Amino acid sequence: MRHVIALDVGGTGMKAALVGADGTVLHRARRATDRERGPEAVVDAILGFAADLREHGARQFGEPASAAAVAVPGIVDEAKGVAVYAANLGWRDVPLRARLAERLQIPVALGHDVRTGGLAEGRVGAGRGADRFLFVALGTGIAGAIGVDGRVEAGAHGFAGEIGHIVVRPGGTPCPCGQHGCLERYASAAAVGQAWAAASGDPDADAAHCAKAVVSADPEAVRVWQHAVDALADGLITAVTLLDPRTLVIGGGLAEAGETLFTPLREAVRRRVTFQTLPRIVPAALGDSAGCLGAALLARDLLDPTDRTEVTP
């Protein structure tokens with residue numbers, strides 16, 4: 001049975017799947033990254049996991065995988081197949097596509113984790129059917145993926161979609177990127193958690209606690225939350241003005257607050273619209289499976305770039 005290998009590499013663990021020609025997920029697996037042993041050990045773990053998946057597919061389905069794709073965090077040069085840098089994995093300039101292709105002896109694609117997850121959300125998730133979409137992940141930081149006609153734009157240098165570093169508060173909070181007032185310093189899950197910990201006096205408080213306090217109508221929590229929503233709306237309206245997406249797909253930890261986030265966010269974006277067309281603003285649908293499903297789509301695109309057969313979430 002024809003199938004592909006899909007790998008999604010995170011800071012502590014890897015998710016993988018074997019996906020059939022009809023988009024059915026045939027096998028799922030997880031494994032640790034071994035990052036505590038250093039960057040080369042992480043690469044070895046990826047190569048070993050992929051090789052084991054190839055052997056499993058050959059045994060179970062009568063033939064080895066036809067292609068593979070891996071999604072990784074950090075800075076990724078997808079055109080060259082190089083994992084340029086990832087702070088949480090410790091690697092620099094790893095020719096990961098070439099090393100995987102040599103190990104597996106099949107075509108391999110390399111993708112950025114957020115853009116790959118955005119690809120899945122655009123084709124088979126919350127953005128399905130939209131010819132233009134923007135996927136935004138609100139996690140420890142904020143990153144995005146620009147979707148155009150079933151693909152995701154990487155940019156000339158691999159930085160397309162970095163909406164978290166749009167400056168929304170000039171001269172504001174310093175950001176590790178070197179700027180001041182970046183969106184992710186105000187509207188990421190980490191930023192909301194830090195603001196609520198300071199406001200509540202509880203050093204262990206996080207964004208989820210803040211959301212619960214908002215539901216309970218705690219005035220200080222409402223203030224912190226609205227501050228984040230307004231910053232996010234400012235960033236999104238900039239993106240809407242530049243990209244004119246049909247759909248905004250919002251995911252990540254902060255989106256787990258549901259309508260506690262989406263109701264005020266939709267209203268805040270609507271208030272900022274002047275000549276622009278207001279896009280749909282919807283929660284992401286695929287959760288932590290998005291990266292793996294997106295990798296499967298990248299792998300299948302290697303075999304037939306015109307094939308838009310869906311994977312099954």
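His3 touches Leu18, Val19, Gly20, Leu26, Gly57, Phe61, Glu63, Pro64, Ala65, Ser66 and Ala67, leaving aside residues up to four places away in sequence. This is a predicted model, and His3 offers a convenient place from which to enter it. The residue belongs to strand E1, which spans residues 3-9, and with a relative accessible area of 1% His3 is buried, since that value is under the 20% cut-off. Two polar contacts of the His3 side chain can be followed in the structure: one is with the backbone oxygen of Met1 at 2.9 Å, and another is with the backbone nitrogen of Ala65 at 3.5 Å.

Two of the residues that His3 touches, Gly57 and Phe61, lead to helix H1, which covers residues 39-61. H1 has 23 residues and reaches 33 Å from its first C-alpha to its last, close to the 33 Å expected at 1.5 Å a residue. After the helix comes Gly62, whose phi is positive, near 85°.

From His3 one can also turn to the sheet that contains strand E1. This is an open sheet of five strands with mixed pairing, and its order is E3-E2-E1-E4-E8. The edges are held by strand E3 (25-32) and strand E8 (108-112), and because each of these has a single partner strand, one side of each is left without a neighbour in the sheet. Averaged over the sheet and with direction ignored, neighbouring strands are turned by 15° against each other. At the E8 edge, strand E4 (residues 67-72) runs parallel to E8 and is joined to that strand by five bridges; to find this pairing in the structure, look for Val70, which stands opposite Leu110 in E8. In general, the strands of a sheet pair through backbone hydrogen bonds, in either the parallel or the antiparallel sense.

Helix H2 (residues 96-104) packs on this sheet, where it touches E1, E4 and E8, and its direction makes about 150° with that of E8. Helix H3 (residues 113-124) lies across the strands E1, E4 and E8 as well, but runs at about 100° to E8. Which residues of H2 are buried? They are Leu96, Leu100 and Leu104, and because they cover an arc of only 50° around the axis, they fall on the same side of H2. The elements that cover these buried residues include E1, H1, E4, strand E7 (91-94) and E8, so that helix H1 and strand E1, met above around His3, return here as part of the cover over H2. H2 is followed by Gln105, whose phi is positive, near 60°.

Strand E7 in turn leads to a set of antiparallel pairings. Strand E5 (residues 75-77) and strand E6 (residues 82-86) pair in the antiparallel sense over three bridges, with Tyr85 in E6 as the bridge partner of Ile75. These two strands form a hairpin with four residues between them, and Gly81 in the turn has a positive phi of about 75°. E6 also pairs with E7, again in the antiparallel sense and over three bridges, and here the bridge partner of Ala83 is Val94 in E7. The hairpin of E6 and E7 likewise has four residues between the strands, and within this hairpin Gly90 takes a positive phi near 80°.

Further along the chain there is another open sheet of five strands, in the order E11-E10-E9-E12-E13 and with mixed pairing. Its edge strands are strand E11 (151-153) and strand E13 (280-283), each of which pairs on one side only, and the twist from one strand to the next averages 30°. E13 runs parallel to strand E12 (residues 247-251), and four bridges join the two; among the residues involved, Leu248 has Ile281 in E13 as its bridge partner.

Is Ile281, which lies in strand E13, buried or exposed? At 6% relative accessibility, Ile281 counts as buried, because the cut-off for that description is under 20%. Not counting residues up to four places away in sequence, Ile281 touches Leu248, Ile250, Phe262, Leu265, Arg266 and Val269, a list that includes its bridge partner Leu248. Of these contacts, Leu265 is 16 residues from Ile281 along the chain, and the C-alpha atoms of the two are separated by 8.6 Å.

How values were computed: Residues numbered from 1 in each chain as written. Predicted model: local features only at pLDDT ≥ 70, side-chain atom pairs only at ≥ 80, totals over all residues. Heavy atoms only, no water. Expected span 1.5 Å × (residues − 1). Pairing = 2+ DSSP bridges. Axes fitted to C-alpha atoms, helices over the stretch in contact; angles between N-to-C directions. Buried < 20%, exposed > 50% of the residue type's maximum accessible area, 1.4 Å probe, protein only. Polar contact = N/O pair within 3.5 Å; in protein donor to acceptor, adjacent residues only side chain to side chain. Contact = heavy atoms within 4.5 Å. Arc of directions from axis to C-beta.
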